[in-house]
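Reader: Hi! Could you walk me through this one?

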Amino acid sequence: MNDVAELRYNGKTYKLPVIAGSEGEKAIDISRLRAESGMITMDYGFANTGSCTSNITFMDGEKGVLRYCGIPVEQLAEKATFKETAYLLINGHLPNRRQLTDFSVLLNDHSLVHEDMKIFYQNFPRASHPMGILSAMVNALRSFYPALHESEEEINITVTRLLAKVRTMAAMSYKISLGHTVVYPRPDLAYCENFLNMMFDSPVRPYQLKPEVIKALRVFWILHADHEQNCSTAAVRVVGSSRANLYAAISAGIAALWGPLHGGANQAVIEMLTQIQKNNGDFKSAIGRAKDRNDPFRLMGFGHRVYKTYDPRAKIMKKVCDDLLGALSIQDPLLDLAVELEEAALKDPYFIDHNLYPNVDFYSGIVLRAIGIPTNMFTVMFAIGRLPGWIAQWKESMDDPNWKISRPRQVYIGETLHDFVPIDDRE
Ligand code: ACO
């Protein structure tokens, strides 16, 4: 045992191994603590708890660093395609030309969705939220396509099915919600182009693909592709730890992402900005409410569990937003409002003292609006982007030699032992 931490309690000393990551992060390994001391640790929201070691994503929340398999996200956003980024996360290395071609062929081959699945879509109430539908439909995929886990090749097929079909299913759900004809994927279009075409093409108004829009979507998806052990990824790993199938694990990830404190924040930001706009642009009272401890309101798109500085993704997203709106000559009053709100919050002592900065969701909604994505589909867009990360993390957890079913402990604070009272004797 090289590096150890010591815990002293009740006159006894417990030696706990310290493990270090490749970027110098350290963790106290408490896996023998209960067996040796009878005690567990308590960590609300797992804010100080590592649940695994991982080769996939590195974040430094103090410095605002994000890398996928060692490559800075800034470089990927500038130079990579989303498909290459997905391959990188899932396989741990960038694809060569042959590997990328094989991957593209597989994605194309698996991009159709079983025709019977359309019936499911048609039976959801019209007002259903697309995230609820997507989570249910991904779970339902298991009934149409078995989860193949036996060999490397079989796992690749299940993984590719998900990557290819979820994109088709998202566009399909939008078309069906409008009562429009479903647009099928095309083999001649790349990943982002294909999605845009399935969303917006129509027999009466052919969709014109624009390079600026394709670029914005590519960067949006790359920035969302993984973010180590966030709430939805943790959900995927927890469900996967019971050896439930991959579709069920991803369905759980989608459900976790839906929440407004996580991926649902991109929708919540636009709703918040729209509300401020209705209040004659009074962003100061929104800041006042966010600071008020007696008011549950929070500034959506601000703050992050890990980043205590500017979210590196938010910086890139702001640039994408400026470039896209400029290229499309769009004047979005919500962007002006967002800029004013950000400037005021960053100067405010409350936000400075609490290290609260814009996160990826602050500007992403404005980008999605400019692309033409309806607000209730924003978090679905996030889910498509996060899919490679969820899959990569699930795969890694399946091969982890330290794998255990996820099963946290608790400290019971309820009633102590007392006898059952028959119903007639109760008050
Ligand atoms: N507005 C106002 N105050 C905030 C905000 C905010 N957006 N975020 C955190 N705070 C305050 C809290 O009130 C708390 O103050 P206190 O210490 O005085 O009580 C302090 O900052 C710490 O907040 P926690 O909730 O403990 O931080 P945590 O790490 O648990 O939460 C979270 C992180 C959920 C992202 C939080 O910042 C938040 O709710 N933000 C708004 C929602 C949002 O934008 N979510 C998207 C996150 S990015 C993503 O998931 C893709």
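The chat below covers the ligand site and then some helix packing.

Author: Happy to! This is a predicted model, where local features need pLDDT of at least 70, side-chain atom pairs count only at pLDDT 80 or more, and totals for chains, interfaces and linings use all residues. Residues are numbered from 1 along each chain as its sequence is written, and side-chain values use heavy atoms, with hydrogens and water left out.

Reader: Great. Which residues come nearest to the ligand?

Author: H262, R293, L299, G301 and H354, out of 20 around the ligand (a heavy atom within 4 Å counts as near).

Reader: And what is 2.8 Å from an oxygen atom of the ligand?

Author: An N or O atom in the side chain of H262. The side chain of R298 also has an N or O atom 2.8 Å from a ligand oxygen. A ligand nitrogen lies 2.9 Å from a polar backbone atom of F302.

Reader: How much of the ligand's accessible area does the protein cover?

Author: The protein covers 75% of the 920 Å² that the ligand has on its own (Shrake-Rupley method, 1.4 Å probe).

Reader: Switching topic: how do helix 11 and helix 18 pack?

Author: Helix 11 (residues 246-257) and helix 18 (residues 378-398) have axes 10 Å apart, at an angle of about 135 degrees. That makes helix 11 oblique to helix 18, oblique being whatever is not under 35 degrees (roughly parallel), over 145 (roughly antiparallel) or 65 to 115 (roughly perpendicular).

Reader: What about helix 6 and helix 7?

Author: The axes of helix 6 (residues 130-144) and helix 7 (residues 152-178) cross at roughly 140 degrees and come within 11 Å. Helix 6 and helix 7 are therefore oblique too.

Note on methods:
Polar contact = N/O pair within 3.5 Å; in protein donor to acceptor, adjacent residues only side chain to side chain. Axes fitted to C-alpha atoms, helices over the stretch in contact; angles between N-to-C directions. Helix = DSSP H or I, 4+ residues; strand = E, 2+ residues; numbered from the N terminus.
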